[in-house]
Amino acid sequence: MFFICFASADLSDIQDKVYDSLKQLCNIDVVPYTLTLGYSYWSADHILKQILPDGVEVPSSFETIVKYTKLGWCFHSVVCSIFCVTLLLIVICMVHAGHVAHLNISDDLLPYKDVIAKVIYDKNYPRIQTVVNKVGTITNEFRVPKFEILAGKNDMVTEVKQYGATFKLDYGLVYWNSRLEHEHIRLVSLFKKGDVICDMFAGIGPFSIPAAQKGCIIYANDLNPDSVHYLRTNAQINKVDDYIFTHNMDARVFMQNLLRVPGSETKLESQVEAVNYSSEDMVPANESLTSNENRSDVQESCQKCINDSSVISTTTKRRQETSNEGDAYCQEDASQTKKRNNKRVKGSGPPPVKPWEHFDHVVMNLPASALQFLDCLSGLVHKKYWKGSLPWIHCYCFIRSSESEELILSEAQNKLNAKIAEPIFHRVRDVAPNKAMFCFSFRLPMECLKDETEDHIQ
Ligand SMILES: C[S@@+](CC[C@H](N)C(=O)[O-])C[C@H]1O[C@@H](n2cnc3c(N)ncnc32)[C@H](O)[C@@H]1O
């Protein structure tokens, strides 16, 4: 049995609620004992350890979809540890903060969800102004979890900063996962200025926006209209709207439209957009010196990745966790991105592009089913029109501990109806004890090209 002596008057409202929850939880009228240091000095973790029953694991972290800057975190820790929290310091500390904390409360902790949320809200306010808990599993195709609001205001529109880019989003309407930040920037670090990228499942743009900041030309698509709305908004906020062409359709249709050669069949709306974008005096990708240089740079970057211990070839290396070397590599890229933050990409807009003649990378981040979409890449590229080297495909997938990379490779080869040379598996993160997310990268095999001459002969 215990009771809490609340030291700070300005937190009394929250403390009353916590106190009430405690009384309900413990089924008691009076909560005895004094925590003499006072509620206002204790961390959420410490308080929860005190108030949750013995044996219950205290949620040690929650995902906040808004990040502190590193400076903010350090500052916050110092302030907490020396117990000198003045209002002014809090305000300075929270400058880069937003407001939604996302909890994933396990079944055994559900009876305590309100008290947990109240303590987290209380101890992180005003940085955190809404505390939500994920309910059930994600079943909808837009991959948007359902949330219940446990504390604070009912407002899920917020802003996130990732490596110098700003992302506005409605957490209740679109997919967002802060834990993929490192992966977003790792993949973008493989792209070079002038590369053409097809982002088939773009979401609100965590691959597309930093890539455009680098000077890549992006065709970004998502089936969720709300994602596309925020993708466009984010392209404007980050001043890269000249470099991003957004589409709202099924990923297969998107790729078919993008790669259809004008004049060969009826143009669809999105194809018209791509055609308009390609001006008449366009320079073919493989005739430009810069483009050729970029092409070999991509090879080098990918080779660097193959050599880097954070990226593993099935044939040569075993699965490993992301290395510090990899971190440094991405960090370097991130600092360049930060420098560009909020500056319009220089030059007279992007160079003209004909995607049916050349693109460099395809990003497929829909791990639950991206492999099933690989068949749409077979017979899509016309041999007759294609210029330069074949594109890299980056297909995200989940691999269970009972499954192997060889199994994924064989599934992908079946879908493409072609053999994949030198596949690269990069372990992104563990999503469950027996399941990890991987990025499976490979060059589109030559056999996937559509050869009209052969069609004709047959
Ligand atoms: C896992 S999220 C990834 C979003 C983003 N690339 C990121 O890293 O945050 C997958 C996205 O694919 C979209 N999606 C699902 N099915 C789709 C389809 N058939 N065609 C296009 N987009 C689809 C969802 O709306 C969602 O935004």
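**Exercise 1. Lys161**

Determine whether Lys161 is buried, partly exposed or exposed in this predicted model.

*Solution.* Begin with the location: Lys161 belongs to strand β5, which spans residues 157-162. Next, take the neighbour count, which is 18 C-beta atoms inside 10 Å. A buried residue needs 20 or more such neighbours, and an exposed one has 12 or fewer. Lys161 therefore counts as partly exposed. To place Lys161 relative to an earlier residue, compare it with Leu150: the two are 11 residues apart in sequence, and their C-alpha atoms are 24 Å apart in space.

**Exercise 2. His247**

State in which strand His247 lies, and classify His247 as buried or exposed.

*Solution.* His247 is part of strand β9, residues 244-247. Within 10 Å there are 26 other C-beta atoms, so His247 is buried. A distance completes the description: His247 and Leu223 are separated by 24 residues in sequence and by 8.3 Å between C-alpha atoms. Leu223 is also one of the residues that come nearest to the ligand.

**Exercise 3. The ligand shell**

Describe the residues around the ligand by proximity, class and domain.

*Solution.* The shell holds 20 residues, of which Phe201, Gly203, Leu223, Asn224 and Ala251 come nearest. Sorted by class, the shell has 10 nonpolar, 6 polar and 4 charged residues. As to origin, domain 1 (9-155) and domain 2 (180-457) each supply at least three residues.

**Exercise 4. The largest nonpolar core**

Identify the best-connected members of the largest nonpolar core and locate this core relative to the domains.

*Solution.* The core comprises 95 residues; Val131, Ile218, Met364 and Cys395 touch the most other members. Since domain 1 (9-155) and domain 2 (180-457) both contribute residues, the core lies between them. Cys395 serves as an example: neighbours within four places in sequence aside, its contacts are Met364, Ala370, Leu371, Leu374, Ala412 and Phe440. As general background, nonpolar side chains in soluble globular proteins tend to be buried together.

**Exercise 5. Backbone geometry**

Find the peptide bond that is cis and two residues other than glycine with positive phi.

*Solution.* The background is that most peptide bonds are trans and most residues other than glycine have a negative phi. The cis bond joins Tyr125 and Pro126, with omega about 10 degrees. Pro126 sits in the loop between α5 (113-124) and β3 (130-135).

Arg143 has a phi near 60 degrees and lies in the loop between β3 and β4 (146-152). It counts as buried because 20 C-beta neighbours fall inside 10 Å.

Asn417 has a phi near 55 degrees and is located in the loop between α13 (405-416) and β13 (424-432). With 13 C-beta neighbours inside 10 Å, Asn417 counts as partly exposed.

**Exercise 6. The whole chain and its confidence**

Summarise the protein chain and indicate where pLDDT is under 50.

*Solution.* The chain contains 14 helices and 14 strands, and 38% of its 458 residues count as buried. Of the contacts between residues at least 6 apart in sequence, 71% link residues at least 24 apart. The average pLDDT is 73, and 62% of the residues score at least 70. Residues 30-37 stay under 50, with 20 contacts beyond four places in sequence in the model. Residues 266-332 are likewise below 50, and this stretch has 100 contacts beyond near neighbours in sequence. For the complex, the predictor gives an ipTM of 0.99 and a pTM of 0.72.

Conventions. Residues numbered from 1 in each chain as written. Predicted model: local features only at pLDDT ≥ 70, side-chain atom pairs only at ≥ 80, totals over all residues. Helix = DSSP H or I, 4+ residues; strand = E, 2+ residues; numbered from the N terminus. Contact = placed C-beta atoms within 7 Å. Near = placed C-beta within 6 Å. Nonpolar A, V, L, I, M, F, W, Y, C, P; charged D, E, K, R; others polar. Domains from an automatic or database assignment. Core = buried A, V, L, I, M, F, W, Y, C linked by C-beta atoms within 7 Å. pLDDT = per-residue confidence, 0-100.
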